[in-house]
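Open the model in a viewer with residue selection and distance tools ready. The stops below go from one selection to the next.

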Amino acid sequence: MSALVKRIKARFDALQPVLDERSRRLWAGAEAQAIGRGGIARVSQATGLSRDTVRAGLWEVQAGVAGPARAAGDRLRRPGGGRKSLVERDPELLAALDRKLDPVTRGDPMSPLRWTCLSAAKLAAALSAEGHAVSGRSVNRLLHRLGYSLQANRKKLEGRQHPDRDAQFQRIYRKVREFQDKGEPVVSVDAKKKELVGAYRNGGREWRPKGDPEAVQVHDFPDKQLGKAIPYGAYDLTANAGWVSVGVDHDTSEFAVETLRRWWRKMGTAAYPGAERLLITCDGGGSNSSRSRLWKLELQALADELEMRISVCHFPPGTSKWNKIEHRMFCHITQNWRGRPLICREVVVNLIGAVTAKEGLTIQSALDENRYETGPKVMEEEMESLSIERDTFHGEWNYTLAPRPRNDEII
């Protein structure tokens, strides 16, 4: 309901107790005249009066045949006069409409409306087929009377929950606070949705000269030369800053760890000089999967290179939306490039790097043109060489990779 309709409704509700039938019609006509184009529809929506009634009142006001005012409560017709409402003329109408929308009926595979979009027009047609003469507009009014409203789907069902879900969340919270209290870096990592690079439609709108939208391709067939952009990010929870590598090949564990390496070189070393530990929070799937051997092998190489203990805490299954990077960094990236075609890789990098937020978020971004092999085999000997310490509580989700001694340190 628009603001104008709400204001009309408020005035009508205030005056209705002292208006008789005729003055109510004249008031509605005067309101419609003051609004101008579309006034009849808006007044009808706000007051519940039929458009014919509002139109009649408008005609009387314009023709100047309003006549003298009457005292409140004076009747203009004998008791029982006037057109009866649909419900009075058809007492079974409301019950018939409610049955069409009842959850049991909607679940009945034999119901003719089971597999259709239940618009007001289709409901009116179904009711008319049963002998209830009603229009789509009247169905809308009756639906509101029955307590129905238009509802969209809402994502609330998360599927089967792991029994240790809450305990793992508490563990992650305590671990993050422990690192932050000691001034050690904590990052949240994940891959953002892959984006087609080229003159393709991007959701959202932006300001442009009226009637001059930016032209894009009709079909979203990938460009063989430009391919897709693969943004993988590392978000620093303490500094509210992030790094995004835009890959051009595959989203692999090697690519994910290379993003972490670049974040540390470009941002981490300056923010945390002398840090000896790093905590990573991430989902349990994708390139940073808790079951990925390559993810652990690449993290071990990074721990050796940086001479730093790297701890990892995976979120429980089905809880990826709680990853901090999703709603603290990636959402702002999506907002920043809404309505803009990502015509080349440089545009993707620049739009990510230009993201700002009221909370002070800063993001750096760069193109990663390396090629990453998919499906490499990690041998048992390599896994046995890892310096990994698994926690007693779900060691598959919580573990630490310690730097291995260098060859020149081995006696």
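Select Trp243 and show what surrounds it: apart from neighbours within four places in sequence, Trp243 is in contact with Tyr232, Gly233, Ala234, Thr259, Arg262, Trp263, Lys266, Met267, Met329, Gln364, Ser365 and Ala366. Contact here means heavy atoms within 4.5 Å. Trp243 sits in strand β4, residues 241–247. Helices (H or I, at least four residues) and strands (E, at least two) are DSSP runs, numbered from the N terminus. Trp243 has a relative accessible area of 3% and is buried. Buried stands for under 20% relative accessible area, exposed for over 50%, and partly exposed for what lies in between, with a 1.4 Å probe and protein chains only. Add Trp264 to the selection: its C-alpha atom is 9.2 Å from that of Trp243, and the two are 21 residues apart along the chain.

Before moving on, note that this is a predicted model, in which local features need pLDDT of at least 70 and side-chain atom pairs count only at pLDDT 80 or more, while totals for chains, interfaces and linings use all residues. Residues are numbered from 1 along each chain as its sequence is written, and side-chain values use heavy atoms, with hydrogens and water left out.

**Ala275**

Keep Trp264 displayed and select Ala275. Which residues does Ala275 touch, not counting those up to four places away in sequence? They are Glu184, Pro185, Trp264 and Met308. Ala275 belongs to the loop between α11 (253–271) and β5 (277–282), and its relative accessibility of 17% counts as buried. A C-alpha distance drawn from Ala275 to Pro185 reads 7.5 Å, across 90 residues of chain.

**Two loop residues with positive phi**

Most residues other than glycine have a negative phi, and most peptide bonds are trans. Select Glu307, which is not a glycine but has a positive phi of about 55 degrees. Glu307 is in the loop between α12 (293–306) and β6 (309–314). At 45% relative accessibility, Glu307 is partly exposed.

Next select His394, again not a glycine, with a positive phi of about 50 degrees. The loop that holds His394 runs between β8 (388–390) and β9 (398–401). Is His394 buried or exposed? His394 counts as buried, at 16% relative accessibility.

**Glu346**

Go to helix α14, residues 345–353, and pick out Glu346. Glu346 is partly exposed, with a relative accessibility of 49%. Its C-alpha atom lies 9.9 Å from that of Val197, although 149 residues separate the two along the chain.

**Helix α3**

Select residues 39–47, which form helix α3, and colour the buried ones: Gly39, Ile40, Val43, Ser44, Ala46 and Thr47. They cover an arc of only 165 degrees around the axis, which puts them on the same side of α3. The arc is that of the directions from the helix axis to the C-beta atoms. An α-helix has 3.6 residues a turn, so residues three or four places apart point the same way. Show α1 (3–15), α2 (21–35) and α4 (51–63) as well; the buried residues of α3 pack against these helices.

Within α3, zoom in on Ser44. Ser44 has a relative accessible area of 11% and is buried. Beyond its neighbours within four places in sequence, Ser44 contacts Leu49, Ser50, Arg51 and Val54. From Ser44 to Arg55, 11 residues on in sequence, the C-alpha distance is 9.5 Å. After α3 comes Gly48, with a positive phi near 85 degrees.

**Helix α6**

Select residues 93–101 for helix α6, whose buried residues are Leu93, Leu94, Ala96, Leu97, Lys100 and Leu101. These lie on the same side of α6, because their arc around the axis is only 165 degrees.

**The whole chain**

Zoom out and show the full chain, with its 15 helices and nine strands. The radius of gyration, taken over C-alpha atoms, is 32 Å, well over the 22 Å that the globule rule gives for 411 residues, so the chain is more spread out than a compact globule. That rule is 2.2 Å times the number of residues to the power 0.38. Along the principal axes, the C-alpha atoms fill a box of roughly 110 × 50 × 45 Å. Colour by burial to finish: buried residues make up 39% of the 411.
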